[in-house]
Amino acid sequence: MPKIVVYSAITSGKDELRDDIKVFSEFAKFTDPVYNAKIYKVLPHKFLDCDISIWLDGNLSLKVPPEEMVDRFLGDADMALFKHPHRESIHWEIKWIEYQFRHRKDSPILRDAKAQFEHYKSQGFPRKTGIYYCGFIIRRHNKLVEQFNEKWWAEITRWSARDQLSFPVVAREMPEVKINKIEGNVRDNPYITFKPHKIPS
């Protein structure tokens, strides 16, 4: 039986601390607390000893055993994520980010995300390639996925912490990584409990 670890990272009081899964909270090398949590999300192979990991944002919980989630959603793939229920591409994602920061147009978060998007657009990244909800990720811990994780982290540290902008770019660069797209909305799923973040994003 593969060893499965369900985990999350909670920093700066964004969500309630919990003891039902493994929770990282001690990383504090970045001045931005978002990155102190993001490093665990993106690079689990550096922090976990397991065959398969399930990342949950701090506001998500499983209603069923992790083995059932792996059997149902991962199958023979390397990774499994929900398709984003509302946005079809990074072109839509940047519009959402701009809307979120409509009252903070001088925000460095918005500035970096827009520069990131313009770079991807200049490289010819196509429309409607699909976008993933990155608050729930099942991953095999193999060498191919480790390479994907490292590429994803490189994009995040180069550009912005808005990981849903960079994930589909890395997925397109590494088509050999098999990703199962889960249909439906994580907020209305019979296997997952969702609640709003304690501190909104």
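Me: Where along the chain does Asp-78 sit?

Reply: Asp-78 is in the loop that runs between helix 2 (66-74) and strand 5. Keep in mind that we're looking at a predicted model.

Me: Okay, and why is Asp-78 called buried?

Reply: Its relative accessible area is 12%. The cut-off for buried is under 20%, so with 12% Asp-78 gets the label. You can also look at its neighbours: setting aside residues within four places in sequence, Asp-78 is in contact with Ile-138, Arg-139, Arg-140, Asn-142, Leu-144, Val-145, Glu-176, Val-177 and Lys-178.

Me: What about Lys-128: how do you know whether to call it buried or exposed?

Reply: Same recipe. Lys-128 has a relative accessible area of 61%, and exposed means over 50%, so Lys-128 counts as exposed. You'll find Lys-128 in the loop between helix 4 and strand 6. Beyond its neighbours within four places in sequence, Lys-128 is in contact with Glu-88 and Ser-89.

Me: Lys-41 is a lysine as well. What makes Lys-41 count as buried?

Reply: The number does. Lys-41 comes out at 6% relative accessibility, and buried is anything under 20%, so that settles Lys-41. Lys-41 lies in helix 1. Leaving out residues up to four places away in sequence, it touches Tyr-7, Trp-55, Asp-57, Cys-134, Gly-135, Ile-137, Arg-139, Trp-152 and Asp-163.

Me: And why is Cys-50 called buried?

Reply: Cys-50 has a relative accessible area of 10%, and the limit is under 20%, so Cys-50 passes. Look for Cys-50 in the loop between helix 1 and strand 3 (52-56). Apart from residues up to four places away, Cys-50 touches Lys-3, Val-5 and His-141. Its C-alpha atom is 7.7 Å from that of Pro-2, although the two are 48 residues apart along the chain.

Me: What makes helix 6 "largely enclosed"?

Reply: Here you count residues. Helix 6 has eleven, and nine of them are buried, so the rest of the structure largely encloses it. The buried ones are Asp-163, Gln-164, Leu-165, Ser-166, Phe-167, Pro-168, Val-169, Val-170 and Ala-171.

Me: Why are helix 4 and helix 6 called roughly parallel?

Reply: Their axes cross at roughly 20° and come within 10 Å. Angles under 35 degrees count as roughly parallel, so this pair fits. The crossing is left-handed. Ala-113, Gln-116 and Tyr-120 of helix 4 make the contact with Leu-165, Ser-166 and Val-169 of helix 6. By class, that gives four nonpolar residues, two polar and no charged.

Me: How do you know which label helix 1 and helix 5 deserve?

Reply: They pack at about 155°, with the axes 10 Å apart. Anything over 145 degrees is roughly antiparallel, so that's what helix 1 is to helix 5. Helix 1 passes helix 5 in a right-handed crossing. On helix 1, the residues that meet helix 5 are Tyr-35, Lys-38, Ile-39, Lys-41 and Val-42; on helix 5 they are Asn-149, Trp-152, Trp-153 and Ile-156. There's our buried Lys-41 again. This contact divides into six nonpolar, one polar and two charged residues.

Me: Then what makes helix 5 and helix 6 oblique?

Reply: Their axes cross at roughly 135° and come within 9 Å. Roughly antiparallel needs over 145 degrees, roughly perpendicular runs from 65 to 115, and roughly parallel is under 35. An angle of roughly 135° lands in none of these, so the pair is oblique. Phe-148, Lys-151, Trp-152, Glu-155 and Ile-156 of helix 5 meet Asp-163, Ser-166, Phe-167, Val-170, Ala-171 and Glu-173 of helix 6. The classes here are six nonpolar, one polar and four charged.

Me: Trp-152 keeps turning up. Which core members touch the most other members?

Reply: In the largest nonpolar core, with 31 residues, they are Met-79, Leu-81, Phe-148, Trp-152, Phe-167 and Ile-179. Among the elements giving two or more residues to this core are helix 1, helix 5 and helix 6. Another core, of 22 residues, lies apart from it and includes Ile-54, Val-64, Val-70 and Ala-80.

Definitions and conventions
Residues numbered from 1 in each chain as written. Predicted model: local features only at pLDDT ≥ 70, side-chain atom pairs only at ≥ 80, totals over all residues. Heavy atoms only, no water. Core = buried A, V, L, I, M, F, W, Y, C linked by side-chain atoms within 4.5 Å. Buried < 20%, exposed > 50% of the residue type's maximum accessible area, 1.4 Å probe, protein only. Helix = DSSP H or I, 4+ residues; strand = E, 2+ residues; numbered from the N terminus. Contact = heavy atoms within 4.5 Å. Axes fitted to C-alpha atoms, helices over the stretch in contact; angles between N-to-C directions. Left-handed = near helix turned anticlockwise from the far one by under 90°. Nonpolar A, V, L, I, M, F, W, Y, C, P; charged D, E, K, R; others polar.
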